[in-house]
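Welcome to a short tour of a protein chain. Have the sequence and the 3D view ready, and we will go from the overall fold to a few charged side chains.

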Amino acid sequence: MARDVHVAPVIAYIAANVRGWIDDPIIIEGINDQNERHAHLASADIETMDANWKTEFSSNTRPLIDSVMNSPLSKFLKEKQAASGGVITEILVIDAKGLSIGESEISSDYWQGDELKWQKTYLAGPGVLFIDRSEKDESTQMLQSQASMTITDPKTGQPIGAITVGINLDAL
């Protein structure tokens, strides 16, 4: 259980510093718009988009990555990360299909639907907060954890997506 000592401080940080802005219209409208645009996507479409993202990740030509990273939502997320003073290491907003819609840092894949951050939030329903295990990031040498939450439409109360916030545990 000693490895879970990070959970309470992460929950407290999220309550004090993140919950106040996860219902911002830029997030809600962005998710709703992408959910509408992606409603028709089949598994094969998602796999193709994810493969394109992974190819673009190590390329100089990045139309899909640029469309996400240059969006007003990603700008908003980058501002939230910068304002955290080093506590937040990344923020991802994920749609109903498990696809990234906004990111503060470029992730290595576009489809998050195969990961716990989406499965234990969006699929679990409204009001869910999932704190993942702590891990040392090899590139930054930071001890980190991810806090993920279901995002619901304030008008309907229905889940529409999820948000994941990477937390630098050494900065808490």
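## Overall shape

For a compact globule of 172 residues, one would expect a radius of gyration near 16 Å, and the protein chain, with 15 Å, agrees with that. Please keep in mind that this is a predicted model. Along the principal axes, the C-alpha atoms of the protein chain fill a box of roughly 45 × 40 × 30 Å.

As for the inside and the surface, 46% of the 172 residues of the protein chain count as buried. The protein chain exposes about 8,600 Å², and carbon and sulfur atoms supply 51% of this area.

## Helices and strands

The protein chain contains six helices and six strands. Reading from the N terminus, you will meet the elements in the order α-α-α-α-α-β-β-α-β-β-β-β.

How much of the contact set comes from residues 24 or more positions apart? Among contacts in the protein chain with a separation of 6 or more, such residues account for 60%.

## Charges and salt bridges

The protein chain carries 14 positive and 25 negative charges, and the mean positions of the two sets are 3 Å apart. Side chains of opposite charge can pair when their charged atoms come close. A search of the whole structure finds five salt bridges, and the next paragraph visits some of them.

One of them is formed by Lys54 and Asp50, whose closest N and O atoms are 3.1 Å apart. Both residues sit in helix α3 (residues 43–57), separated by four residues, or about one turn of the helix. Lys54 is partly exposed at 44% relative accessible area, whereas Asp50 counts as buried at 9%. Another salt bridge joins the side chains of Glu115 and Lys117, at 3.2 Å from N to O. Here Glu115 is partly exposed, with 23% relative accessibility, while Lys117 is buried, with a relative accessible area of 8%.

## A shared network

Arg133 and Glu135 also meet through their side chains in a salt bridge, with 2.7 Å from N to O. Asp132, Arg133 and Glu135 belong to one network, joined by salt bridges that share partners. What is the exposure of the Arg133 side of this pair? Arg133 is partly exposed, with a relative accessible area of 47%. Glu135 is partly exposed too, at 43%.

## Asp109, buried without a salt bridge

Now look at the loop between β2 (100–103) and α6 (116–119), where you will find Asp109. Asp109 is buried and yet has no salt bridge. Which side chain of opposite charge is nearest to Asp109? That is Lys54, 4.9 Å away. A salt bridge needs a side-chain nitrogen of Lys or Arg within 4 Å of a carboxyl oxygen of Asp or Glu, so this pair does not count as one.

Leaving aside neighbours within four places in sequence, the contacts of Asp109 are Asp50, Trp53, Lys54, Ser100, Glu103 and Glu115. Two members of that list, Lys54 and Asp50, are the salt-bridge partners in helix α3.

## His40 on its loop

To finish, find His40 in the loop between α2 (25–38) and α3. Is His40 buried or exposed? At 62% relative accessibility, His40 counts as exposed. His40 and Ala96 are 56 residues apart in sequence, and their C-alpha atoms are 12 Å apart in space.

How values were computed: Residues are numbered from 1 along each chain as its sequence is written. This is a predicted model: local features need pLDDT of at least 70, side-chain atom pairs count only at pLDDT 80 or more; totals for chains, interfaces and linings use all residues. Side-chain values use heavy atoms; hydrogens and water are left out. The radius of gyration is taken over C-alpha atoms; the globule rule is 2.2 Å times the number of residues to the power 0.38. Buried means under 20% relative accessible area, exposed over 50%, partly exposed in between (1.4 Å probe, protein chains only). Contact means heavy atoms within 4.5 Å. Accessible areas come from the Shrake-Rupley method with a 1.4 Å probe; for residues, only the protein chains shown count as cover. Lys and Arg count as positive and Asp and Glu as negative; His and the chain ends are not counted. The place of a charge is taken as NZ of Lys, CZ of Arg, CG of Asp or CD of Glu.
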